[in-house]
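Work through the exercises below with the model open. Each task is followed by a stepwise solution.

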Amino acid sequence: MINTAFQFEIRFTKILDFSEISRSLLAPFVKLASDVSVDKQNSTEEMTILKFDEDNYLIMVSWDRLVLRGQGEIKTFVKKKSYVEIPFLKILDRIKSIEGFGNIKSFLFATTYVAKLDTSLDNLPKLFKSKIFNDDLEDISSEFSDYAIVMLEKKESGDLTEIRFGPYLNPTDIMNRTIVPLNINRLGDIEFTGVIFEYKNFLKSNEINLDNFSKEEEKSTKIFSDLCKKLRKK
Amino acid sequence: MQETEKKIKGNLGLDHKVPVFSYDPFKRHSNLIVKDLSKITYFEHSWRKNFNFNALNEPRHVENLRHFTAYVGHTMAQEEITSSDNHLKDSAQPTITTTDSDDDILPNEIESYSNAEDAGLFLENLFKNKETILNENWDSVESIQSKVISFNEESVYVDCLLDEELKYFESRVFPRKLFNNVTDLDNDIPILMKIKTKPGSFRIDIYPGKGLVNLDLFDLKDGWEELKGRVQDKKLDKW
């Protein structure tokens, strides 16, 4: 099981003077980063990107959201004292201390996994058809060579959970997902056929801590493991 | 890349069949060196006059070099270059190319030292870029808030906050050299430590903690406040 990309995004009410204070706000964290860039400078939508190349993640900060994007060993992010706590949630603490800060509105957790299945490229769509669908699918059309399954749960509160999965044919599939890896070269061996799985959970919440991230990671991993078990079952 | 076999005489005068790479590995296909490092045991190239690789053709040297492949394989390079070939297969997909130009750095640096007469210089400059080619997978990564208690010429004594909720601290000692990047090293200054571990290896990075470490967490008065007004906070001078 390889985590090709994950994103933890905290959204808050817009901070109108963010571009004026962002530099002093983020200055202490720059020494931890391998690179810093600023997008849309001096506009209300200014975004600062702190890159942590060696650790395979980056942090984006803008006037309405704080984003952590990473790839690879997601398990090292869920523990106490991990990068989610320092620097990510530390930055959030500093943002919350801004005079013009309102409140946290919601958070989004999204991730993509791929896993190898012991089947050839030709048999992969058949495997999905037999395990997930049934033979009636042939009645619609037998010409298709790829499938995607989408499962959605949308609540009145606005919370949204979305799962997508299907055959993993080649690394191009990874780059066609909603969130892509920061550096696909660092994912290791991804030249195989198997299953690709996307998980997205958007939740309204006023409080954010490491638990939010850990629980989402655990939930997504469990669903994907169960799916792999089902597909591997003879 | 053409790979052929060649007979060479070893130290003991015996014939050995060895693979020969007929391309100039450092000049034109430098990235492949790293990809196929485990296979490359012998070189034959146009600039042998300037750089004596003949010695490497001897089996005993090859055996010696093999010991070091474990260290080389430790870097990102093998994986990185292997999968960079994927881009070549589908160059019409611009999004697959990396978001930064890390991959270019290694070959460019090798190019500039392709005529070097000193292999040491080549390696030295190669690993100057280790930050861009390393991709170690660590089992555990921790950012620990710390405070310097004292230091001398050899060591720095640090209070490390291991659990913020339980207020669990550990006093640890580190070599002074690790703190050379902290220009204003002094007692009571905050330090942020990044500690990465995996079986057989660990790494510590030290950062000045100003703005990152909350020094209030190190000020433990809680227990004493509770004892105020009770006998326990007074000296036992009658004993």
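**Exercise 1. Helix H1 of chain A**

Task: compare the end-to-end reach of H1(A) with the expected value, then locate its kink and its buried residues.

Solution.
- Step 1. This is a predicted model. H1(A) has 13 residues. From first C-alpha to last, H1(A) reaches 17 Å. At 1.5 Å a residue, 18 Å is expected, so the two values are close.
- Step 2. Look along the axis. H1(A) has a kink of about 30 degrees at Ser24(A). The proline Pro28(A) follows shortly after Ser24(A).
- Step 3. List the buried positions. They are Phe18(A), Ser19(A), Ser22(A), Leu26(A), Pro28(A) and Phe29(A).
- Step 4. Consider the spacing. An α-helix has 3.6 residues a turn, so residues three or four places apart point the same way.
- Step 5. Find the cover. E3, E4 and helix H3 (84–96) of chain A are among the elements over the buried residues of H1(A).

**Exercise 2. The sheet of chain A**

Task: give the strand order, name the edges, and place two helices on the sheet.

Solution.
- Step 1. Chain A holds seven helices and nine strands.
- Step 2. Nine strands form an open sheet in the order E2-E3-E4-E5-E1-E6-E9-E8-E7 (chain A), and the pairing is antiparallel.
- Step 3. At the edges are strand E2 (35–39) and strand E7 (149–154) of chain A, each paired on one side only. Ignoring direction, neighbouring strands are turned by 10 degrees on average.
- Step 4. Zoom in on one edge. E7(A) pairs with strand E8 (residues 160–168) of chain A through six bridges, in the antiparallel sense. Val150(A) has Arg164(A) in E8(A) as its bridge partner.
- Step 5. Add H1(A). This helix, residues 18–30, lies across E2, strand E3 (47–52) and strand E4 (57–61) of chain A. Its angle to E3(A) is about 0 degrees.
- Step 6. Add helix H7 (residues 210–232) of chain A, which lies across strand E1 (2–12), strand E6 (104–116), E8 and strand E9 (194–204). H7(A) runs at about 150 degrees to E9(A).

**Exercise 3. Nonpolar cores**

Task: which residues have the most contacts inside the largest nonpolar core, and what does Ile91(A) touch?

Solution.
- Step 1. The largest core has 44 residues. Ile59(A), Val84(A), Phe88(A), Ile91(A) and Phe197(A) have the most contacts inside it.
- Step 2. Take Ile91(A), setting aside neighbours within four places in sequence. Ile91(A) is in contact with Leu26(A), Phe29(A), Ile59(A), Val61(A) and Leu66(A). Leu26(A) and Phe29(A) are also on the buried list of H1(A).
- Step 3. Another core lies apart, with nine residues. Ile144(B), Val148(B), Val158(B) and Met193(B) are among them.

**Exercise 4. The sheet of chain B**

Task: trace the five-stranded sheet and describe its hairpin.

Solution.
- Step 1. Chain B has eight helices and seven strands.
- Step 2. Five strands make an open antiparallel sheet, ordered E5-E4-E3-E6-E7 (chain B).
- Step 3. E5 and E7 of chain B each have a single partner strand, so one side of each has no neighbour in the sheet. The twist from one strand to the next averages 35 degrees.
- Step 4. Strand E4 (residues 155–163) of chain B runs antiparallel to E5(B), joined by eight bridges. Val156(B) stands opposite Phe174(B) in E5(B).
- Step 5. E6(B) pairs with strand E7 (residues 201–208) of chain B over eight bridges, again antiparallel. Met193(B) stands opposite Ile206(B) in E7(B).
- Step 6. The hairpin of E6(B) and E7(B) has two residues between the strands. Gly200(B) takes a positive phi near 85 degrees there.

**Exercise 5. Arg176(B)**

Task: is Arg176(B) buried, partly exposed or exposed?

Solution.
- Step 1. Locate Arg176(B) in the loop between strand E5 (168–175) and strand E6 (190–198) of chain B.
- Step 2. Count neighbours. Arg176(B) has 14 C-beta neighbours inside 10 Å. Burial needs 20 or more, and exposure 12 or fewer. Arg176(B) therefore counts as partly exposed.
- Step 3. Check contacts beyond four places in sequence. They are Phe151(B), Glu153(B), Glu154(B), Ser155(B) and Val156(B).
- Step 4. Take Val156(B). It is 20 residues from Arg176(B) in sequence, yet 5.4 Å away in space, C-alpha to C-alpha.

Methods
Residues are numbered from 1 along each chain as its sequence is written. Chains are lettered from A and ligands numbered from 1 in the order in which they are written. This is a predicted model: local features need pLDDT of at least 70, side-chain atom pairs count only at pLDDT 80 or more; totals for chains, interfaces and linings use all residues. Two strands pair if DSSP finds at least two bridges between them. Helices (H or I, at least four residues) and strands (E, at least two) are DSSP runs, numbered from the N terminus. Axes are lines fitted to C-alpha atoms, for helices over the stretch in contact, and angles run from 0 to 180 degrees between N-to-C directions. Two residues are in contact if their C-beta atoms, placed from the backbone, lie within 7 Å. The bend at a residue is the angle between axes fitted to the seven residues ending there and the seven starting there. A nonpolar core is a set of buried Ala, Val, Leu, Ile, Met, Phe, Trp, Tyr and Cys residues joined through C-beta atoms within 7 Å.
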